[in-house]
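Biologist: I am new to reading structures, and I would like to learn how the words match the numbers. Could we go through one together?

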Amino acid sequence: MKTCIYPGTFDPITHGHLDVLERACRLFDKVIVAIAESQSKEPFFSNEERLQLVNENLERFPAASVMVFEGLLIDFAKEQSASAIIRGLRAVSDFEFEFQMANMNRHLGPEIETILVMTKEGYNYTSSTLVKQVAEYGADVSQFVPENVHAALKAKLS
Ligand code: COA
């Protein structure tokens with residue numbers, strides 16, 4: 001039983017994230033979407049809201065579950081007996097940060113491999129911050145986020 005962790009802030013989850021999740025589910029028996037508290041990012045949605053927004057999108061991924069974690073990602077991955085961490089790369093600019101994280105995580109937990117997958121074309125300019133910003137000014141973001149996130153953004157911004 002191979003377990004993979006898909007970590008992020010998911011504030012909120014986007015179609016780009018779901019694309020990475022879909023690919024992780026094809027590679028692993030079990031995938032845990034790990035929502036980082038990320039207090040330094042001052043998330044727009046609370047831990048509970050982000051958890052619910054992810055959870056409502058897991059129906060089509062029987063291998064996936066979602067949890068919130070605090071502290072080091074590598075400690076969480078070890079607790080869950082994961083063999084890998086998966087992350088999406090949208091552009092070359094993402095690479096440097098991902099490279100540093102992967103190396104630090106390898107230093108802290110050499111038994112856990114980091115896998116980087118290329119984001120599907122069409123999602124490489126999506127980010128949760130841009131989605132929130134654009135939604136705040138009333139533009140339609142339904143192309144970038146699942147239906148429940150679209151509704152939650154509308155409700156929270158109104
Ligand atoms: N498609 C579209 N957008 C994507 C994407 C994809 N496939 N993958 C990431 N993004 C976007 C996100 O929406 C997010 O946008 P934002 O910055 O505007 O909010 C951005 O890319 C990166 O966010 P995310 O993937 O959620 O990662 P993060 O940088 O917020 O989180 C953690 C990084 C949580 C994995 C990292 O900080 C962590 O591990 N924290 C725990 C503490 C720890 O262990 N630190 C040491 C790490 S070595």
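Biologist: What makes an oxygen atom of the ligand and L73 a polar contact?

Modeller: A polar contact is a pair of N or O atoms within 3.5 Å; within protein, one must be able to donate a hydrogen and the other to accept it, and residues adjacent in sequence count only if both atoms are side-chain atoms. A polar backbone atom of L73 lies 2.8 Å from an oxygen atom of the ligand, so the pair meets the 3.5 Å limit. Please keep in mind that this is a predicted model, where local features need pLDDT of at least 70, side-chain atom pairs count only at pLDDT 80 or more, and totals for chains, interfaces and linings use all residues. Residues are numbered from 1 along each chain as its sequence is written, and side-chain values use heavy atoms, with hydrogens and water left out.

Biologist: Which residues have a polar atom by a nitrogen atom of the ligand?

Modeller: A backbone N or O atom of G16 is 3.3 Å from a nitrogen atom of the ligand, and for a polar side-chain atom of T119 the distance to a ligand nitrogen is 3.2 Å. Taken alone, the ligand exposes 930 Å², and the protein buries 82% of that (areas by the Shrake-Rupley method with a 1.4 Å probe; for residues, only the protein chains shown count as cover).

Biologist: How do you know whether F10 is buried or exposed?

Modeller: Buried means under 20% relative accessible area, exposed over 50%, and partly exposed in between (1.4 Å probe, protein chains only). F10 has 2%, so F10 is buried. S38 has 18%, so S38 counts as buried too.

Biologist: And why is M104 called partly exposed?

Modeller: Its relative accessible area is 48%, which lies between 20% and 50%, so M104 is partly exposed. Together with L72 and L108, M104 makes a nonpolar surface patch of about 270 Å².

Biologist: What is notable about phi in F10 and S38?

Modeller: Most residues other than glycine have a negative phi, and most peptide bonds are trans. Phi of F10 is near 50°, a positive value in a residue other than glycine. For S38, also not a glycine, phi is positive and near 45°.

Biologist: What makes the peptide bond from D11 to P12 cis?

Modeller: Its omega is near 0°.

Notes
Patches are made of residues with over 30% relative accessible area and no salt bridge: like charges are joined within 9 Å, nonpolar side chains (Val, Leu, Ile, Met, Phe, Trp, Tyr) within 5 Å. A salt bridge is a side-chain nitrogen of Lys or Arg within 4 Å of a carboxyl oxygen of Asp or Glu.
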